[in-house]
Amino acid sequence: MTRDDAAGMARAMEMARAAAAAGEAPIGAVIVDPADGGVIAEAGNAPIGEIDPTAHAEIRVLREAARRAGNYRLTGLTLYVTLEPCAMCAGAISHARIGRLVYGASDPKGGAVEHGPRLFEQPTCHWRPSVIGGVMAEESAALLREFFRARRGGGADASKEAGHG
């Protein structure tokens, strides 16, 4: 993990905390230009607030970054996200041609990068970002566990209930 990765993931964690404060699953995402370290876009999970099942943090941040860039291809940029992306988000990351994906906690139930379909390893995947997982994983998993424990009144396991929705 580099200093830039720590800073990017720390900002994604802030977005995750903001999502939790809004009653959403605490997942945050940030897109950074590694050339200058500038934040292009940032977002938290919002399917409840936006009444949109696709309003995962990754989709929202990809949309905003594309608008700002004036291009749907975001080649060369780095996406930081607090939880391993699901299949929908991994597909969108591939279509956006993100250069590098850095994520926090693994998601054995809903993840699609190192778990499930392992989308970037499929021969039909047309673009594969470089991937680094486990950056600030424990902090991200703890935030998810605390959120679901408070919402459901029990000891929800982040790996079983963290899904992006």
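A residue counts as partly exposed when its relative accessible area lies between 20% and 50%. Keep that range in mind for the tour; the model you have open is a predicted one.

**Stop 1: arginine 118**

Select arginine 118 to begin. You will find it in the loop that runs between β4 (100-105) and β5 (130-132). Arginine 118 has a relative accessibility of 37%, so it counts as partly exposed. Now look at its backbone: phi is near 45 degrees, which is a positive value in a residue other than glycine.

**Stop 2: methionine 136**

Move along to methionine 136, in the loop between β5 and α4 (137-152). Here too phi is positive in a residue other than glycine, with a value near 55 degrees.

**Stop 3: arginine 100 and aspartate 5**

Next come the salt bridges, of which the structure holds nine. Show the side chains of arginine 100 and aspartate 5, which form one of them, with the closest N and O atoms 2.7 Å apart. Arginine 100 sits in strand β4 and aspartate 5 in helix α1 (residues 3-21), so this pair ties together parts that are 95 residues apart in sequence. Is aspartate 5 buried or exposed? Its relative accessibility is 0%, so aspartate 5 counts as buried.

**Stop 4: glutamate 42 and arginine 11**

Stay with helix α1 and select arginine 11, then add glutamate 42. Their side chains meet in a salt bridge, at 2.6 Å from N to O. This pair also links distant parts of the chain: glutamate 42 belongs to strand β2 (residues 38-44) and arginine 11 to helix α1, 31 residues apart. Glutamate 42 is partly exposed, with a relative accessible area of 32%, and arginine 11 is partly exposed as well, at 26%.

Before you leave, add Glu14 to the selection. Arg11, Glu14 and Glu42 are linked in a network of salt bridges.

**Stop 5: arginine 67 and glutamate 64**

Finish in helix α2 (residues 57-69), where arginine 67 and glutamate 64 are three residues apart and therefore separated by about one helical turn. Which kind of contact do their side chains make? They meet in a salt bridge, with 3.3 Å from N to O. Switch on the surface and check each partner: arginine 67 is exposed, with a relative accessible area of 59%, while glutamate 64 counts as partly exposed at 23% relative accessibility.

Notes: Residues numbered from 1 in each chain as written. Predicted model: local features only at pLDDT ≥ 70, side-chain atom pairs only at ≥ 80, totals over all residues. Heavy atoms only, no water. Helix = DSSP H or I, 4+ residues; strand = E, 2+ residues; numbered from the N terminus. Buried < 20%, exposed > 50% of the residue type's maximum accessible area, 1.4 Å probe, protein only. Salt bridge = Lys/Arg side-chain N within 4 Å of Asp/Glu carboxyl O.
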